[in-house]
Amino acid sequence: MSQSEYTTAQATALTNHDRKPIHIPGSIQPHGVLLALSTQLEILQVSNNTQAYLGKEPEDLLGQPLSYLLDARQVETVKQCLGKKIGISNAFKVLINTLDGEKYFDAIAHRIEEAVILELEPIDSKSELSFLGFYSLAGVAIAKMQSTSNLIEFLHLVAEEVQKIIGFDRVMVYQFDQSEAGSVVAEVKREDLSPYLGLHYPATDIPAQARELYTRCFLRFLPDLTAEPIKLVPTENPTTHQPLDLSYSMLRSFDWCCAEYHQNMGVKALLVISLIQEQKLWGLISCHHQTPKYISYEVRKMCEFLGQIASSELTHKISHSEWDYKVKLKSLQSEFLESISQADNFIDALIKPEIRLLDLVSASGAAVCLDNEITLVEATPNIDEVRTLIEWADTQVSDNLFSTDSLPKLYPEALRFKDTASGLLLLRISKVRRYYILWFRPEVLQTVHWAGNPNESIQAQADSSLTLSPRKSFAAWQETVRLTSLPWKACELDSAIALRNAIVGIVLSKADELAKINLELERSNQELASFAYAASHDLKEPLRGIYNFSTVLLEDYSQVLDDDGIECLQTVVSLSVRMETLINALLRLSQLGQAQLRLQATDLNELLNQVIEVFRASRQDSGLVDIRIPRPLPTILCDRVLVNEVFSNLLGNAFKYNDKAEQWVEIGYLSQEEAGGDEGAGEQGSRGDEVKLMPHAPCPIFYIRDNGIGIPQHHLETIFRLFKRLHSQEKYGGGAGAGLAIVKKIVELHNGKIWVESNVGVDSSFYFTLE
């Protein structure tokens, strides 16, 4: 087989492996029972082990209503799943009378597209973990996890706390890289086991469909990898005539490849907890035990809870570790753009002093190309090599920004100058003329320590085809990686783009545009500095200490304090809580400033129903709430999560600032036709009131109108400022005064606008667009 044929066969093997339908195995693990129910809660399928657990053969259960097994209250609990999102589960305890007497089970029910799945795991009637026990274990673990800002130390603490709770032989934190391969970045293990810390694993070890399931289901438990799976009866859903989707099933059986892979590692029991960062799978907490080991459902839920806490903290730890470098780049960028804007010759400003251009993206060399004139800075290929490289880029690169940490693999001629340019960051300033800036990084020889030879998983068959098989060895195996530079970071790419924006303004002689860029950069730096100061570890840790010690004094020493002393301490506690609220608001606003929109087609009716459902659930007087929606809202392209936050904030404010006996809120929109007309002209809303429209509206104008206390005319603009409150903390439920500032930021991220019309004591109407 030739090298090209081998590469093609390898790609085919990987593709076929990734397409394996592991979510529909047609079987479950044997430590529980599964029942698939129709939407009328009739039993359609069962696992073929009901006799052992329930004392009934599968044929006796099929076609029966669920009430055949459970009492009315328990049936109603299962029925509630029909009103929930797919995959959201209800868990409860059940007692079932069998021929062998009473048996207790953990019952976990969830809805899928075509059915309701009910899983039963047998338990000791006294095995339930109390809330206080859960709080005690989880509280200590969370406190330790929050005690450090160092990412690696944090991940080690996560592994340590999970290991304490479940008692497995080995607990690792596994991080994915950009190629979906990964490495062990933290480990807690039995002393006699070989370490895996620092070892790398190829992407084929955790195929794409498994990673996708880990993104949806945050915990996977396999108590015995040697156990035989239990088939479903019948094998297909009799309603859909398709295999049953077990994506969210706790008992879903495992693939033979997974079992053999882990048994080759000496593993007999496995628990995996997902770590999610910015809605993507960042890594896994992988727990191994060398003998079969069962963990109760309550303990598994505690581990899942800790995984979610760890995921939440992960974003802050990563941000903290990268923050200093981002601040440095922002500062360099600000100085650089200022010097360019004031220079008579902006090319001289680019390369003099030379170090600025390199530091902007942490490069070792650069080339500035203006048509046929090329200027080299520090360590670079020679003029002819750079010119030829640009000619190649003209035909191969279509975007304004291109980066690679392995240029010789894409451009073989680069082998000649790998010592100076194995890494390339190319910025196209103009598509009309050949204006480029190229940054270079040298080759960095890297030794990668793999857990076994990653190529062993790809095996040739007798017919010369290639298949993926579990590796036999996981002993450390070294590979020297050549023709590769240090990778370019996202903040460095952002820095290059910011430079391009500035240069375009100068080249086109748009001094006003450049002034706006500098102003925006200055404003961004101010927000950055404010956030770095307010949300840094040095501020939050003392604040937490102030709160904790004040609480201890109130609880343990109140008998030795007089009334004035107690009141002072209560004030300290109250003010520390208030300060933490303000810090969190700053953090949220800063995150929005760095956020990238995840645009998707969004049915606003569905989104609004979710907002209203959460709102009603959070209010005890929700029965008195009158929410009016005159007509269905449209489907638009937007960031679903952020727009949910907009509606939640505005709806919450509408009822919060309302002192009427009969409160109502109306949510609607005006179409482009309804929003047309002369500038400043009024249109009629759905209640017949005159609405002041923004001129030339290119998209629907959404509104939220209420009959609340209203807003004075001179405050209609200031209410959108951060921490701006029109009332004292004691009135209308308090708050940080950040909600409307966050709403405004989200709307502006969508290139929209927000404004308000109000009559004091009568009503208020908030309007916004999402372009």
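Good morning. A residue counts as partly exposed when its relative accessible area lies between the 20% under which residues are buried and the 50% over which they are exposed. With a relative accessible area of 27%, R387 is therefore partly exposed. I should say at once that we are looking at a predicted model.

Let me stay with R387 for a moment. R387 forms a salt bridge with D384, and the closest N and O atoms are 3.7 Å apart. Both residues belong to helix α12, residues 383-396; because they are 3 residues apart, about one helical turn separates them. D384, at 55% relative accessibility, counts as exposed.

A second pair has a similar setting in sequence terms. In helix α9, residues 297-342, E304 and K301 also lie 3 residues apart, about one turn of the helix. Their side chains meet in a salt bridge at 3.1 Å, N to O. Here E304 counts as buried, at 14% relative accessibility, whereas K301 is partly exposed at 31%.

A third salt bridge joins the side chains of D626 and R628, again at 3.1 Å, N to O. D626 is partly exposed, with 32% relative accessibility, and R628 is likewise partly exposed, with a relative accessible area of 32%. Elsewhere, K93, D106 and E298 are linked in a network of salt bridges. Across the whole structure, the search finds 19 salt bridges.

I turn now to the sheet. Seven strands form an open sheet in the order β1-β11-β3-β2-β6-β5-β4, and the pairing is antiparallel. Which strands stand at the edges? They are β1, residues 27-28, and β4, residues 89-98; each has a single partner strand, so one side of each is left without a neighbour in the sheet.

Moving inward, strand β2, residues 33-37, pairs with strand β3, residues 43-47, in the antiparallel sense over 3 bridges. Within that pairing, L35 stands opposite V46 in β3. Strand β2 is also joined to β6 by 5 bridges, again antiparallel, and there L37 stands opposite V116 in β6.

Strand β6 has a further antiparallel partner in β5, with 8 bridges between the two. H110 stands opposite I117 in β6. These two strands, β5 and β6, form a hairpin with 4 residues between them. Is β6 enclosed or open to its surroundings? Of its 8 residues, 7 are buried, so β6 is largely enclosed by the rest of the structure.

One helix should be mentioned alongside this sheet. Helix α4, residues 72-79, lies across β2, β4, β5 (101-111) and β6 (116-123), and runs at about 150° to β4.

Finally, the nonpolar cores. The largest contains 38 residues, of which I627, F647, L650, L651, I667, F766 and F768 touch the most other members. Among the elements that give two or more residues to this core are helices α19 (604-618), α20 (640-656) and α21 (739-749), together with strands including β25 (635-639), β26 (664-670) and β31 (763-769). Which element gives the most? Helix α20 does, with 8 residues.

To take one member of this core, F768 touches V646, F647, L650, P700, I701, F702, V747, K753, I754 and W755, leaving aside residues up to four places away in sequence. Apart from this core lies another, of 36 residues, among them V162, V171, I285 and I295.

Thank you for your attention.

Definitions and conventions:
Residues numbered from 1 in each chain as written. Predicted model: local features only at pLDDT ≥ 70, side-chain atom pairs only at ≥ 80, totals over all residues. Heavy atoms only, no water. Pairing = 2+ DSSP bridges. Contact = heavy atoms within 4.5 Å. Axes fitted to C-alpha atoms, helices over the stretch in contact; angles between N-to-C directions. Core = buried A, V, L, I, M, F, W, Y, C linked by side-chain atoms within 4.5 Å. Buried < 20%, exposed > 50% of the residue type's maximum accessible area, 1.4 Å probe, protein only. Salt bridge = Lys/Arg side-chain N within 4 Å of Asp/Glu carboxyl O.
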